[in-house]
Structures are given as structure tokens and as C-alpha cells.
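Please look through the structure below before reading on. The text then takes a few places in turn.

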Amino acid sequence: MGKYTVWKWLLVLLLLAASMVLVTPPSEKINLGLDLQGGTAFVAEIDRDAIEESVRERLEQDAPDAAESEIQREISESMRDAQGRALEVIRNRIDGLGIAEPAIYPEGRDRIVIQLPGVDEEQREEAERSIRSVAFLEFRMVHEESAQVVSRLFDRGLAPEGFAIRQLEQRGMTQSYYVFQEDRPLDAETKQRIAGFHAPRGAELMLERSEIRGQTVYYRPHYVKRRYEMTGDALRRAQVDFQEHMQPVVALEFTTEGRRQFARLTTDYAPGGPKNPYHDQHRALAIILDDTLYSAPVIQQPIRGGNAVISGQFDQEEAAFLANVLRAGTLPAPVSIIERRIVDPSLGADSIRAGITAIIIGGILVVLFMAVYYTLAGLVANLALIMDLLLLPLGMVLVAGFLGIFVGPPGEASRIALPVLTLPGIAAILLTIGMAVDANVLIFERIREEMRVGRRFSAALAPGYDKAFGAILDANVTTFLTAVILFLFGTGPIRGFAITLCAGILVSMFTAIVFTRMIFDLWIQKGGLKSIRMFSFFSETKIDFMSKRKILLMASTVVIVSTIGIMAVRGWQDPTKVFGVDFTGGSSSTFSFDERPDLEEIRAVLAAADIGDVHPQFQEGMELDPVQYLNINSPSGTGNAVREALQGAFPDAGLHLLQEDDVGPRIGDEMKRRAMWAILWALAGIIVYVSWRFEFGFAIGAIAALAHDVLVTVGLYSLLGLQLNLPTVAALLTIVGYSVNDTIVVFDRIREDFRIMRGKPLVEVTNASVNQTLSRTVLTSLTTLMVIVMLLIFGGGAVFDFALALLIGVLVGTYSSIFVASPTMLWWYRHRKPVLATKTKT
């Protein structure tokens, strides 16, 4: 037994114990993402333009000579402060709604992510209102000439565009009011448009909403001064109260300083006060929340008690909402929701069942294959595979903590804790199972080669591990690199996938190189293991692959040009036929149904609802028990309108919203740029690494193969009528890592054979190397395909799209490592030889 053998086994046990602590008990330690437990996720963006305008106005008064660089620095500081304040305000508001375990965290410099697990439709709408509401409370004086100007307008029959004058009788008196000519709400655009209508200097027209018996809506006009006297910063408490006739109001209580300000304000403008010396003139105080005039009570006398009331035509629910946002505080700037994703809990439960089923069946297939093909060595590989799964939680924690350093604190992925488990995360676990045996296959095939030259198993063990190490290291480093880039450029569940994939790579390298060697050493020393029989599907082949390279390269070119050309034409005609809402912006809603409605009737209903350009279609799941879904793509922000129109038109169809993704055009363009940069950075990183470990000509071959794999996968994927989205980009980057893994194994053998077969033409060396690695290429592709097919069968939804792209990519990548990468490398060295023979073997 070796000197450090006991310590190695103790280290393994320690790592295993630490990993188990992280997931025990699972119900408490494993947190499910929204795509598995259901819920809603928002991405809110702070209005940078509003912050910039506020900063510039302030500096024009305080520092009119400030340089542009100083202004920009002040804007950046204000944005950081605004994000921190908005985060706290939104968290307080969501907490006030009683939603359990929300996740709210900053993202980037001006965004906030809000994840609400398990919320129903009513809670979701309430939360969205809370997020959008700035809750900027102002107390402004009504202009002293307001009543006279309004009276003249009514006498002359003047009304803002879109309004009409109506006379209503109340309490025995006939009074004039404004009403809309059409039934529509008083929105922000209308408020801004009418603000200057015959307004006195320094004032704006604002309308106070009222109702008669809950039916007739009318508006009482007031000219309100633009300058505020007090803000909500002086507020201590807001709660619902009731006036006479049980009319709900929002009762306000001020802080000590606010009490002094309010007392001074009401004293100044009370009849006979310093700013209202006429005893018969009563001034009104406008109470405004988020540019909406709720009430304008008359100041009868000084109010020194530090209390006020917001009254208006609202019910108890609306009063409770106003009180909640006021208690939570004022947002520093307007906030818009640029992304919204909804997953029904039933869909999340189905995803969990499908994911677990795929992992179990895929894992069993891989285990059986390894046990049959490699016999006793396969059993060792299966022990390593089990150890991979057991150590994976520890690997995920370490990877998440390390990668989180580079992205700041944007959420779960940046904390030293077990990341949230998402549907892409389950896919990554399954992919890890398929890819984890790759290193074992490399080692076992090297051991087989050593045994073919007459060595016993115990003597073949050390050289087998040594010769496989270089290829294992290079292949896994490049795959790890692409996963890291995916994490840096991805968001949300895509980052979870990248973390799991990185952890799987690290853990599988440890178990394949260290753990299996420990088992074999112990078996040889204690059990007297002399030899191991391994089956072989491939004898020592001598296929002249390179003789067919020109024909196959031409065939690949035809496939790429034709499929990408078709995709380009379809995309030019209608981008939504090629790109999903992740990249184009828009809303994508998925419904289940009991009775299938007619597609033409659906189009007619949505056209009548004037929603815009819509694309309804039926989709069929790929589970063993196929289920049909209705998917509708529509303009951004129309998801609610689509749902209401369909459920109203087909009440007996049993339409139920399962999932909704709503992405604004701006964030869609941003995702396209990030996806493109992610792929380009991955390719650049691979060029640098392969050039360093091999030569530049080999890097050119690897990049040619990767470009081929990406273009063929995208072209065929689009040809099948599927849209490119974020899961597709994750699949493409995974393909990049997997394909270069395969290519590097071939290149590693070429590097080795080039030294052995001195004087032989490079094409002959390449042919020999491809034949020597053929069994490994086929076997690893086979085990990976086993688990991908399980994802296809049981995944459904976005995982199906991801798995399909991955299936195409793995098949194409296996082909390209032989017929694209090596031929391109040969073309590069057609007039010169590589200098690999002078390089030291790693």
C-alpha cells in the first residue's frame, strides 16, 4: 500500500461527507427554481433617463460649471444609489403582499430581478402593480386662480382634446365636470398631454377622479402648482381607515420633522395665514401619488397633529394597495418591467417527474453499457459515476462561489451555497452522466493498447493513465472554458446550467483520474487483480478516412449554404419564424386545453381583440403520453390580453395558462448581442488554448470544425421549423465544448504519433491517429447520445428544444472531428510540416 493511500481515502470520505451535508435533508437544502415549482419572475429596469435628468437639473443649480466627466460620475453614483434604494423598496412592497420566500436581487447596474414562487394570478397582478408604482407622494398647493380659470373654461365650453363637459346634479346643486368622450382610463400620456391646457404660469391641469354610484366616471379639474411643498419622505405610517358611510381612506402619520413641515404648511395657507392673508379665501392642498391627483382638501385651519388623509373614489382593496406602497417607501425613479416569465405549478411538477425519469433511465443505460463493454473495469467506472453524482453538490457550491466573483452579487449563482435547481440544471446533470464516462473510456482504451503489446493489467495501468492524462486535461479544459463563458454571458437558469456543467467536469476529472486509480490500486494489492477482459466492437481499423476529405468537405459546404440560406430568407421575411421572443422581444404564451379549439377561430378572436401580429400554433409534447399545447406568440405586453380574449371566447375549452415569457424589444436585442459575444469569446478562447497546447494550424482545424458544427446545427434546427432561443444558445455552446473535446483527443494522438512515426507523411499519421481513436470517438458519442435521447423523450418544452439541438450537434461534432478538423489541419500544413516533434510531451 502506498505511503499516502490512507490519506487519499480519508480525503475522499471527507469530500463525500461535505457534499452530503449540503443536500441533507433534500427538502430543506435543495431549492427549486421557478421552472420546477411554478411562479413568476420579473426583471425591472430603473429609468436611467429620469435619474440623469434629475442629476443635471440639480447640478445646473448647485454647480453650473461642472464638467461633463463630473456629471457622468454623479449620474453613475446616483444610479448605484437608486438601484440599492429601489431594491429595498420593492422588497418591502413584496413582503407586504405576504408572498412566501421571494427572491429579489440586483442584476447589472440598473436592473432588479424579482422571483415569486408559487404565486397565483391575483398575487402576480398585485405584485406587478407594486413593482411598477413609483409611490412618489407629493403635497402641492392648488393654484390660487384655479377656481376662476376652471369657471371660465366651463362658461366658454372649453375642454381638453378627448374630453367633454357634463353637468351633474349633486346635493341639490348642478356642477360641471369633465368626462371622457370614449370609455378609457386616464393614462400617463393623457395626463402629460392636458397638463398645459390654459394653465396659469407655474401650474398644470390635473384631474381628480370621481364616480356616481360606481357607474358614471367624471373628473373634477384643478390647476396645481408644479412645485411641491412636501414629499413622502416625511411619512412615518400609512394605513387604511374609514370615514363616514364606511368610505375607505388612507390615513397618514408624519415623522417628527414631517409634523413640523405639515404644521408650517397648513399654518401658512390657512385663511389669514402668512401666505394667505385673506380670511375669506380658502386654499386647497393637492395630495398627489405617482402623478395622480387623489384629493384636494381645503385648508380650513392649521393642522398641528401630524396627520393627514388621502381620500378619493377607491374601494378598500385599492386603499390597502396605496397604504402598502406608501409604507414601503418611494422609488427613486420610475421602474419598468422589461421581462416577465410565468410558469404554472402543474408544469413545474411535470418537469420534475420528467427530469428525474430521464436521469434514472439515462443513468441506467450508461451503467449497463459500461458494465457489459468493459466488464470489471466498467464496474469501476460505474462506481466513479455514482461518486460523480454524490460529489456534484460540493462541486456546484465551489464553482458557484468562484464564478460569482466575476459577476458581482447578482443572485443565487454568486453565493457560496447550493445553487437553485432548474430545468436546465437537471439537463446538465443528465449531460454530466453521459460525458463523465469519456475520461474513463480514454483511460481504458489506453490500457487496452498497453495490454495488446503483452503487458499485464497491473503493468499497463500506470502508462495507460499517464498517456490518457494529456488528452483528458486538454479536452476538459476547453469544455470548461465554454461553460464559464456561458455563465458570464448567460442569465438565470442558463447560469445554473453552466454551473452544473462546470461542476460535472471538475468532479468527473477527479473521479476518473484519481478515484478509479485508487480503486484499481487497492484491488491489485488486496484482491490480486491480474487481468481484465474488455469487449471490443472495433478491431484495429485501417480506414483511409483522409482520402474522402474533399468530397465530404464539399458535402458539408452544400448543407451549410443551403440550410443557412433558407434560414436567412425565412428570417428576412419574418424574424419570428427564426428567432424566439428571447431575441426578438414579444410575448409567448403556452396553454393546455381540454377541448381543442379551431385554429382559424383562434386567429379570428385574436384579430378582433386588436392585439397585433399573432402566431398561434399547436405543439405536441414528446413524452411517452403525448400532450398537445397551444402556443401563441404576440407583441410584448399583450400576454394578459391574449389570455382574456381566448378564455372569454372559448369558455368550454378549458384553456389554462401553463407558461408565459414576455420580453421587451430592448432586452431581446441585448440577449442577441450577448449570445453572439458568448460564442465568439468561446471560439477565441479555444484558438488561444489549442495554439498554446498544440500549434496554430491545429487551432485552425478545431475552429473550422466548431464553425461547421454550429452552422450545421443552426441550419438543420431552423429547417425543422424551430425557433432559436436562449436554451438553443446554451446547447450550441455545449456543442462547442463537446466537439472540441472530441477533436482534441484526435489531435493529441496525432501529436503522439507524429513523434513515433518520424518521416511518415502527415496525412498518413493523421489517418493512423483517427483509426486509433475511432473506438473512443464512437463510444463516448454513444453514451452521450443515450442520455440526450432520454431528454428528448421525457424532457418536453424548452428542454426538448435544447436536447434536439444537442442531438444534432453531437452527431455533427462526431463527424467533424474526423472529416473537418483533421482535413483543415492538413490543408494548413500542405506546404510545411508542424514542429510538434520538437515540443516536449506533456
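What follows is a short walk through a surface patch, a sheet with its helix, and two acidic residues. Keep in mind that this is a predicted model.

Start close to the beginning of the numbering. Tyr4, Val6, Trp7, Leu10 and Leu13 make a nonpolar surface patch of about 580 Å². One of these residues, Trp7, lies in helix α1, which covers residues 5-23. Its relative accessibility is 61%. Exposed means over 50% relative accessible area, so Trp7 counts as exposed.

Next, move along the chain to the sheet. Three strands form an open sheet in the order β9-β10-β13, and their pairing is antiparallel. The edge strands are β9, residues 235-242, and β13, residues 307-310; each of them pairs on one side only. From one strand to the next, the twist averages 25°. Strand β10 is made of residues 248-254, and four bridges join β10 to β13, the two running antiparallel. Within this part of the sheet, Ala251 stands opposite Val309 of β13. A helix also belongs to the picture: α9, residues 256-269, packs on the sheet and touches β9, β10 and β13. The direction of α9 makes about 105° with that of β10.

Now turn to two acidic residues, beginning with Glu450. This residue lies in helix α12, which spans residues 423-452. Is Glu450 buried or exposed? Its relative accessible area is 7%. Buried means under 20%, so Glu450 is buried. Which residues does Glu450 touch, leaving aside those up to four places away in sequence? They are Arg455, Ala460, Pro463, Gly464 and Lys467.

The other acidic residue is Asp474, found in helix α13, residues 457-489. Asp474 has a relative accessible area of 0%, and therefore is buried as well. Not counting residues up to four places away in sequence, Asp474 touches Tyr689, Arg693, Phe694, Ile744 and Arg751. Ile744 is worth locating on the sequence, as Asp474 and Ile744 are 270 residues apart along the chain. In the model, the C-alpha atoms of Asp474 and Ile744 are separated by 6.9 Å.

To go over the residues once more, Trp7 is exposed, while Glu450 is buried and Asp474 is buried.

Definitions and conventions
Residues are numbered from 1 along each chain as its sequence is written. This is a predicted model: local features need pLDDT of at least 70, side-chain atom pairs count only at pLDDT 80 or more; totals for chains, interfaces and linings use all residues. Side-chain values use heavy atoms; hydrogens and water are left out. Two strands pair if DSSP finds at least two bridges between them. Axes are lines fitted to C-alpha atoms, for helices over the stretch in contact, and angles run from 0 to 180 degrees between N-to-C directions. Contact means heavy atoms within 4.5 Å. Patches are made of residues with over 30% relative accessible area and no salt bridge: like charges are joined within 9 Å, nonpolar side chains (Val, Leu, Ile, Met, Phe, Trp, Tyr) within 5 Å. Accessible areas come from the Shrake-Rupley method with a 1.4 Å probe; for residues, only the protein chains shown count as cover. A salt bridge is a side-chain nitrogen of Lys or Arg within 4 Å of a carboxyl oxygen of Asp or Glu. Buried means under 20% relative accessible area, exposed over 50%, partly exposed in between (1.4 Å probe, protein chains only).
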